[in-house]
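User: I'm a first-year student and I'd like a close look at one helix and what surrounds it. Could you walk me through it in plain words?

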Amino acid sequence: MIDFTIWPAKYAKGKMAVSCPSQDGYKTRAARLAEHLNGRYSNREHAYIMSPAKAIKLQDLFDQGRDASAITGKLYEVQS
């Protein structure tokens, strides 16, 4: 299962769009990380808009197994 997809944003020059689709209506781990990194959700693109550096940071945090609290936004390790 692909949790998120990154591509160049169509309507924001020099920015990246990060799509985090949800199967059940709740925010995914990638969406919580995108909000932690101050990504701006765009209804026009149906994705979070952020700089290329923040998109790389999101990928790194996701690969490290990090998650962000939906309430406080603080980072923590995912328990497996």
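Analyst: Let's start with a word we'll need: a residue is called buried when its relative accessible area is under 20%, and exposed when that area is over 50%. Keep in mind too that this is a predicted model.

With that in hand, look at helix H1, residues 29–36. Ala30, Ala31, Arg32, Leu33 and Ala34 of H1 are all buried. What lies over them? The cover for the buried residues of H1 includes S4, H2, strand S5 (66–68) and strand S6 (75–77).

To see where H1 sits, zoom out for a moment. The protein chain has two helices and six strands, and going along the sequence they come in the pattern β-β-α-β-β-α-β-β. For a chain of 80 residues, a compact globule would have a radius of gyration near 12 Å, and the 12 Å of this protein chain agrees with that. The C-alpha trace spans about 35 × 25 × 25 Å along its principal axes. Of the 80 residues, 38% are buried. If you take contacts between residues at least 6 apart in sequence, 49% of them join residues at least 24 apart.

Now back to the inside. The largest nonpolar core has 16 residues, and Phe4, Val18, Cys20, Leu33, Tyr48, Met50 and Leu58 are the ones with the most contacts inside it. H1 is one of the elements that give two or more residues to this core, alongside strand S2 (16–19), strand S4 (47–50) and helix H2 (52–64). Leu33 is a good one to find on your screen: Leu33 is among the buried residues of H1, and Leu33 is also on the list of core residues with the most contacts.

Cys20 gives you another way to reach the helix. Leaving out residues up to four places away in sequence, Cys20 touches Asp3, Phe4, Thr28, Ala30, Ala31 and Tyr48. Ala30 and Ala31 in that list are buried residues of H1, while Phe4 and Tyr48 are core residues with many contacts of their own, being among those with the most. Apart from this core lies another one, of five residues, including Ala9, Ala17, Ala47 and Ile49.

Next, follow the chain out of the helix. Just after H1 comes Asn38, with a positive phi of about 65 degrees, although Asn38 is not a glycine. Asn38 belongs to the loop between H1 and S3. Is Asn38 buried or exposed? With a relative accessible area of 62%, Asn38 is exposed, because the cut-off for exposed is over 50%.

The loop leads into strand S3, residues 40–42, which holds Ser42. Ser42 has a relative accessible area of 12%, so Ser42 is buried. Not counting neighbours within four places in sequence, Ser42 is in contact with Ala47 and Ile49, and both of those are members of the five-residue core.

One more stop: His46 lies in the loop between S3 and S4. His46 also has a positive phi, near 55 degrees, and is a residue other than glycine. At 54% relative accessibility, His46 counts as exposed.

Finally, a glance at the outside. The accessible surface of the protein chain is about 5500 Å², with 52% of it belonging to carbon and sulfur atoms. The chain carries 12 positive and 8 negative charges, and their mean positions are 9 Å apart.

Terms used. Residues numbered from 1 in each chain as written. Predicted model: local features only at pLDDT ≥ 70, side-chain atom pairs only at ≥ 80, totals over all residues. Heavy atoms only, no water. Helix = DSSP H or I, 4+ residues; strand = E, 2+ residues; numbered from the N terminus. Rg over C-alpha atoms; globule rule 2.2 N^0.38 Å. Buried < 20%, exposed > 50% of the residue type's maximum accessible area, 1.4 Å probe, protein only. Contact = heavy atoms within 4.5 Å. Areas by Shrake-Rupley, 256 points an atom, 1.4 Å probe, with all protein chains shown as cover. Lys, Arg positive; Asp, Glu negative; His and termini not counted. Charge placed at Lys NZ, Arg CZ, Asp CG, Glu CD. Core = buried A, V, L, I, M, F, W, Y, C linked by side-chain atoms within 4.5 Å.
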